[in-house]
Amino acid sequence: MGRFKPKKQRSNQPPRQRFHLDDRAVSQAEILAAGEQLSNNVDDHGQLLYMNSPSLGLGQVATGIAPDAGTLQTTDGEDPMPVALFEPKRAMMSRLPGGAPTEIQVEGAIPSGMRRLPRGVPELRTIPGWALHRRADDRIELRSPDGGFYPRITVPASPDWYSTALHHGYAVSFYGPQFGVRTTPRSSPVKYTHAER
């Protein structure tokens, strides 16, 4: 004998659409096609800068703690750490019922070893298999452990940045949406100042 379950009342409201592109309800086929188009396009927005850049707000790299004072020791005075920002041209957000929104392209990189940037004092470490490559045409690629390239950016040639990256032997690479690299759709390059970014 089963328990009695009352029938759900039908609502007069139209059914809620499950998939959206640019706030427009779309079919599952349209959302899958948009996802495939995103995965086939690796040319993203990007920027080369340094860890102590005011627009990043990360400061200097900590090298240790002074035992007597208990203060952080930093690389102040040394060559600043080179940073490459990779920002997808388009974010693709997903949210499971009851869950927080996530960006699908970022989530796809995490199983291959990329890590989320924690709040507070982030720990910088190399990620086995991932590598930054400069192409002959000066575009920069972030290559994944399987040898493919995840994002690729076109940036002005920067001999000082390349020299600093070679000196350190690596560069800090950030990948994700909303880094302030691309101009937002509702703004212009003139209005989108460094402070806004």
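# A tour outward from helix α3

Begin by selecting helix α3, residues 159–168, in this predicted model, and colour its buried residues, which are Trp161, Tyr162, Thr164 and Ala165. Looking along the helix, you will find that these residues cover an arc of only 160° around the axis, which puts them on the same side of α3. An α-helix has 3.6 residues a turn, so residues three or four places apart point the same way. Now turn to the face of α3 that points away from the buried side, where the exposed residues Pro159, Asp160, Leu166 and His167 are carried. Just after the helix, select Gly169, whose phi is positive at about 90°.

Stay with Trp161 and Tyr162 for a moment, since both are buried. The count of aromatic pairs comes to one; the ring centres of Trp161 and Tyr162 lie 6.0 Å apart with their planes at 85°, so this pair is edge-to-face.

Next, show what the buried side of α3 packs against, namely the strands β3 (43–50), β6 (82–87), β9 (131–134) and β10 (140–143). These strands belong to an open sheet of six, ordered β9-β10-β11-β3-β6-β12, in which the pairing is mixed. At the edges stand β9 and β12 (172–175), each with a single partner strand, so one side of each is left without a neighbour in the sheet. On average, and with direction ignored, neighbouring strands here are turned by 30° against each other.

Walk across the sheet from the β9 edge. Strands β9 and β10 pair in the antiparallel sense over four bridges, and within that pairing you can select His133 together with Glu141, its bridge partner in β10. The hairpin that they form has five residues between the strands, and Asp138 takes a positive phi near 70° there, although Asp138 is not a glycine.

Continue to the pairing of β10 with β11 (residues 149–153), which is also antiparallel and runs over three bridges. Here Arg143 stands opposite Phe149 in β11, and in the hairpin, again with five residues between the strands, it is Gly147 that takes a positive phi, near 95°.

At the other edge, select β6 and β12, which run parallel and are joined by four bridges; Leu85 and Phe174 in β12 stand opposite one another.

With the sheet and helix displayed, turn to the largest nonpolar core, which has 16 residues, and select Leu48, Phe86, Met114, Ile140 and Trp161, the members that touch the most others. At least two residues of this core come from each of β6, α2 (104–109), β10 and α3, and α3 gives the most, with three residues. To follow one member outward, centre the view on Met114, which touches Ala109, Ile127, Trp130, Leu142 and Tyr175 when residues up to four places away in sequence are not counted. A second, separate core of eight residues can then be picked out, including Leu49, Met51, Val172 and Val181.

Finally, zoom out to the whole protein chain, which has three helices and twelve strands. Buried residues make up 26% of its 197 residues, and of the contacts between residues at least 6 apart in sequence, 54% join residues at least 24 apart.

Terms used
Residues numbered from 1 in each chain as written. Predicted model: local features only at pLDDT ≥ 70, side-chain atom pairs only at ≥ 80, totals over all residues. Heavy atoms only, no water. Buried < 20%, exposed > 50% of the residue type's maximum accessible area, 1.4 Å probe, protein only. Arc of directions from axis to C-beta. Contact = heavy atoms within 4.5 Å. Pairing = 2+ DSSP bridges. Axes fitted to C-alpha atoms, helices over the stretch in contact; angles between N-to-C directions. Core = buried A, V, L, I, M, F, W, Y, C linked by side-chain atoms within 4.5 Å. Phe/Tyr/Trp six-rings, centres within 6.5 Å; stacked < 30°, edge-to-face > 60°.
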